[in-house]
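Morning, everyone. I have one structure to walk through today. Please keep the sequence and the 3D view open while I talk.

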Amino acid sequence: MRTRSIRPVIAAALAAGALTGALVATPAQAAEYSSALKIAGVQYDAPGRDSNSCTTGNTKAEYLTIKNFARTGRVNLKGYVVKDAVGNSYTFRANHYLEPGDHVKLRGGKGTESDAGNVAYRNNCNFIWNNDRDTIKLIKPGGAAADTHAYTKSANDRDGNGYITFH
């Protein structure tokens, strides 16, 4: 028994206008992975006028929240990598443990990568996330994807405050 290709049926339906509302392209929101660690949200557009100055700038106000969504078991962030669409990246180099339900905010600017206050600093005063659109990748130490999110300001930030929640 031969199976029929569905392409001619879709092409005919599109030509007739039957599927125009059903096949609307939307930006990719997330790929679901089995990792306990996920990107919970991003402050991609720091409040105020963007300034990369380490002393007077606002890169500390741009941050990514990573959360341990596991019910049991803590996760060590050491070796995890955060990347944007063009390859800017940050690798957690120190032991940084997240208990179940715990989170860390990875901020721009200068500071330490400690468990104190659930904050880690990239030690870089340049912004990493684009203010209009970007893709955020969280990669496990072995190179496998833990979580990925793409966003656009117009589609994902309805209130315009520069913050998007993912999970």
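**From a loop into the sheet**

Ser114 is our starting point, in the loop between β8 and β9 (119-121). Before going on, remember that this is a predicted model. Is Ser114 buried, exposed or partly exposed? Its relative accessibility is 25%, so Ser114 counts as partly exposed. Now look at what surrounds it. Setting aside neighbours within four places in sequence, Ser114 is in contact with His96 and Val119. Tyr97 is 17 residues away from Ser114 along the chain, and their C-alpha atoms are separated by 9.3 Å.

Next, the sheet. It is an open one, built from 5 strands. Read across it and the order is β9-β8-β3-β2-β12, with mixed pairing. Which are the edge strands? They are β9 and β12, and each pairs on one side only. On average, neighbouring strands of this sheet are turned by 25 degrees against each other, with direction ignored.

A quick reminder on how sheets are held. Strands pair through backbone hydrogen bonds, either parallel or antiparallel.

Let's take the pairs one by one, from the β9 side. β8 and β9 are parallel, with 3 bridges. Within that pairing, Leu106 has Ala120 in β9 as its bridge partner. Move on to β3 and β8. This pair is antiparallel, over 5 bridges. Here Leu64 is bridged to Leu106 in β8. Then come β2 and β3, also running antiparallel and joined by 6 bridges. In that pair, Val42 finds its bridge partner in β3, at Leu64. Follow those partners on screen: Val42 to Leu64, Leu64 to Leu106, Leu106 to Ala120.

Why call β3 largely enclosed by the rest of the structure? Because 5 of its 6 residues are buried.

That takes us to the core. The largest nonpolar core has 24 residues. Which of them have the most contacts inside it? Leu64, Ile66, Phe92 and Trp129. Several strands feed this core: β2 (37-43), β3 (63-68), β8 (103-107), β10 (133-139) and β11 each supply at least two residues. β2 gives the most, with 3 residues.

Stay on Phe92 for a moment. Leaving out residues up to four places away in sequence, Phe92 touches Ile66, Leu77, Lys78, Gly79, Tyr80, Val82, Leu106, Glu113 and Ala120. You have met some of these already. Leu106 and Ala120 are the bridge partners from β8 and β9.

Now over to β11, which covers residues 145-152. Thr152 is part of this strand. Is Thr152 buried or exposed? At 9% relative accessibility, Thr152 counts as buried; the cut-off is under 20%. The Thr152 side chain reaches the backbone nitrogen of Ala155 at 3.2 Å. Beyond four places in sequence, Thr152 touches Asp132, Arg133 and Asp157.

One last stop. Gly160 sits in the loop between α2 (153-156) and β12 (163-165). With 47% relative accessibility, Gly160 counts as partly exposed. How far apart are Gly160 and Asp45 in sequence and in space? They are 115 residues apart in sequence, and 9.4 Å apart from C-alpha to C-alpha.

That's my tour. I'm happy to take questions.

Conventions: Residues are numbered from 1 along each chain as its sequence is written. This is a predicted model: local features need pLDDT of at least 70, side-chain atom pairs count only at pLDDT 80 or more; totals for chains, interfaces and linings use all residues. Side-chain values use heavy atoms; hydrogens and water are left out. Helices (H or I, at least four residues) and strands (E, at least two) are DSSP runs, numbered from the N terminus. Buried means under 20% relative accessible area, exposed over 50%, partly exposed in between (1.4 Å probe, protein chains only). A polar contact is a pair of N or O atoms within 3.5 Å; within protein, one must be able to donate a hydrogen and the other to accept it, and residues adjacent in sequence count only if both atoms are side-chain atoms. Contact means heavy atoms within 4.5 Å. A nonpolar core is a set of buried Ala, Val, Leu, Ile, Met, Phe, Trp, Tyr and Cys residues joined through side-chain atoms within 4.5 Å. Two strands pair if DSSP finds at least two bridges between them. Axes are lines fitted to C-alpha atoms, for helices over the stretch in contact, and angles run from 0 to 180 degrees between N-to-C directions.
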